[in-house]
Structures are given as C-alpha cells and as structure tokens.
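Here are some exercises to work through with the sequence and the model side by side. Try each task before reading its solution.

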Amino acid sequence: MISALKEQLAIDLNAVKENFEQEENVVTILTPNLLKRRNIDDDLLFFMACFGKAAVAAVRPELEAFMTDYIANMDGFRCFDMPLNLLQEELAKQGAVISEIEEFYLLDRREIQPVNPDFEFEILEGEAIKKLYGDHRFHMALGYSQESDRRDMLAVVAYEKGEILGVAAASNDTDDIWQIGVDVVPEKQRRHVATDIVRIISNEVLKRNKIPYYGTAWSNIASKRVAMNAGYKPVWVEMKARKI
C-alpha cells in the first residue's frame, strides 16, 4: 500500500516515486493533472510531502528559486518543522498562506480486522448515503455530495436506541484510493465508537479492493489516537499553501 501511495503522490506533485526514497529534497513545478487525487485543489501555490526521507515540494514557478534554496540542506521532515516564518514571509509576498499541515495513515496490514462493537450499525453505499445529508453534524466524515467527482462512496453509521452515535465515511480521492473520515457525537466520544466504525469502514473498503487511508491535522491528537487504535500507522505528511 505504501508503494501505491508513493506512486500517487508522485503524480500529485509532478515527481517520480524514487524522489521520496532519496536523501536530497526535490522541487518540482505544480502542473495540472487529471490523475491527481480529487481532494487536491487546482488553486494551490505550494504543495509538499514527505514519507520520512526526502521532501518533495511542488510549487508555482514564482516560488521555485526560493523553495530550492529553502529546503536545500534540510532533512526532509525538517521542512515541515518550526520555525516556518521564512516560508510564510515568502508566501505572503504572493498573497498566500500555509493552509494545511496534515499527517496521513495507512493500515498496518491489508487484512480484514475483527470488530465487536457494542452498538448497532448500518452500512450505506452510494445514493443510500443521501439519507444522512440532512444531518450536518458530520462534516469531518461526509463530503455531503453524490454529484461531484469526489464523493461519498461508503458510510458506516453507529446507532444506540435509534439515535446516531457517529458516522465514518470513505471518499473516492482516486478510483482506487479512498480516504476515511469520522465524526462522533461529542457526548459519545469516550466509548471507542470512532475506533470501531473506522475499523468497520476500513474493512468495507478493503472488501471492494480499494486502499483506505486516513488523514488528520498535524495537531489533532484525538484523531491520531483513533487512527492508531483502528490499526493505522503514520506514513507521510503534507503541507499546502494557497492564495488568501
């Protein structure tokens, strides 16, 4: 699965898979590509990723010289580390800001995981997911779309006495790589509901011969715990910047 994600990130960043496995950081030019993940916006000024060795930074041409110098002698992971003031100052000249710093997870094994939840659950697919769209508590899980290119493909809904405890959903970031998101009603968050529904939906994604992955903000400790308790491990990081 890691190999497949490196191949996909290489497409996203106008790079080659081997760039992530070398020691020297790489700068490329952001290029429109219909094969990129559907959650990668076209308006980015800067997009960088690292799997633990080299960082690969895809930029607009006006940032190429600066970024080449900025990351030239850094360890790959240090490119995402504080202080980021020099990078932000340069982005500000272009009317841009760092908009996202995220950590991404893959399953430790591509196997169906045992799950024994203490709640009832329902698996929804495709158009059936629309019945959840009237409830706007689950924006971390659902994209609330069945019409766009990137849409909700699967959802798992946890219930207790007919009330929703939480929702986990999978979006088709590519045809074969689906991102998992999860939201739990606040008062139910300490019951391992999030972990169990993430496990369930991950199993459903695997049954459809797709690769599930999980993303979270760099600072979201609770979300990171859910990922690791559900059998995921941290694999790569991303940073993005866009015009204000």
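A residue is called buried when its relative accessible area is under 20%, exposed when that area is over 50%, and partly exposed in between. Please keep in mind that the model is predicted.

**Exercise 1. Find out how enclosed strand S7 is, and which strands it pairs with.**

Solution.
- Begin with burial. Strand S7 covers residues 163-172, and 9 of its 10 residues are buried, so the strand is largely enclosed by the rest of the structure.
- Next, look at S6. This strand runs antiparallel to S7, and 8 bridges join the two. You can check the register at Tyr 159, which stands opposite Ile 164 in S7.
- Inspect the turn as well. The hairpin of S6 and S7 has 2 residues between the strands, and in this hairpin Lys 161 takes a positive phi near 55°.
- Now go to S8, residues 177-184. S7 and S8 pair in the antiparallel sense over 7 bridges. Gly 166 has Val 184 as its bridge partner in S8, and the hairpin from S7 to S8 passes through 4 residues.

**Exercise 2. Locate Glu 125 and Arg 208, and work out how they are linked.**

Solution.
- Take the distance as your starting point: the closest N and O atoms of Glu 125 and Arg 208 are 3.0 Å apart. The cut-off for a salt bridge is 4 Å, and this pair forms one.
- Then place the partners. Glu 125 belongs to strand S5 (residues 120-125), while Arg 208 is in the loop between helix H4 (193-207) and strand S9 (211-217); the pair links distant parts of the chain, 83 residues apart.
- Finish with accessibility. Glu 125 counts as partly exposed because its relative accessibility is 45%, and Arg 208 counts as partly exposed at 26%.

**Exercise 3. Which acidic residues form salt bridges with Lys 130?**

Solution.
- One partner is Glu 127, with the closest N and O atoms 3.0 Å from each other.
- Another is Glu 147, at 3.2 Å from N to O. Both Lys 130 and Glu 147 lie in the loop between S5 and strand S6 (152-160), so their bridge ties together parts that are 17 residues apart in sequence.
- Compare the two ends of that bridge: Lys 130 is partly exposed at 34%, whereas Glu 147 counts as exposed at 61%.
- For the wider view, the count comes to 27 salt bridges. Elsewhere, bridges with shared partners join Asp 12, Arg 37, Asp 41, Asp 43, Glu 100, Glu 102, Glu 238, Lys 240 and Arg 242 into one network.

**Exercise 4. Describe helix H4, and identify what Ile 112 touches.**

Solution.
- Check the helix length. At 1.5 Å a residue, the 15 residues of H4 should span 21 Å, and this agrees with the 21 Å between its end C-alpha atoms.
- Assess its surroundings: 13 of the 15 residues of H4 are buried, so the helix is largely enclosed by the rest of the structure. After H4 comes Asn 209, with a positive phi near 60°.
- Turn to Ile 112, in the loop between strand S4 (96-107) and S5. At a relative accessible area of 48%, Ile 112 is partly exposed.
- List its contacts. Leaving aside residues up to four places away in sequence, Ile 112 touches Asn 203, Leu 206 and Lys 207. The C-alpha atoms of Ile 112 and Lys 207 are separated by 8.0 Å, although the two residues are 95 residues apart along the chain.

Terms used:
Residues are numbered from 1 along each chain as its sequence is written. This is a predicted model: local features need pLDDT of at least 70, side-chain atom pairs count only at pLDDT 80 or more; totals for chains, interfaces and linings use all residues. Side-chain values use heavy atoms; hydrogens and water are left out. A salt bridge is a side-chain nitrogen of Lys or Arg within 4 Å of a carboxyl oxygen of Asp or Glu. Buried means under 20% relative accessible area, exposed over 50%, partly exposed in between (1.4 Å probe, protein chains only). Two strands pair if DSSP finds at least two bridges between them. Contact means heavy atoms within 4.5 Å. The expected span of a helix is 1.5 Å times one less than its number of residues.
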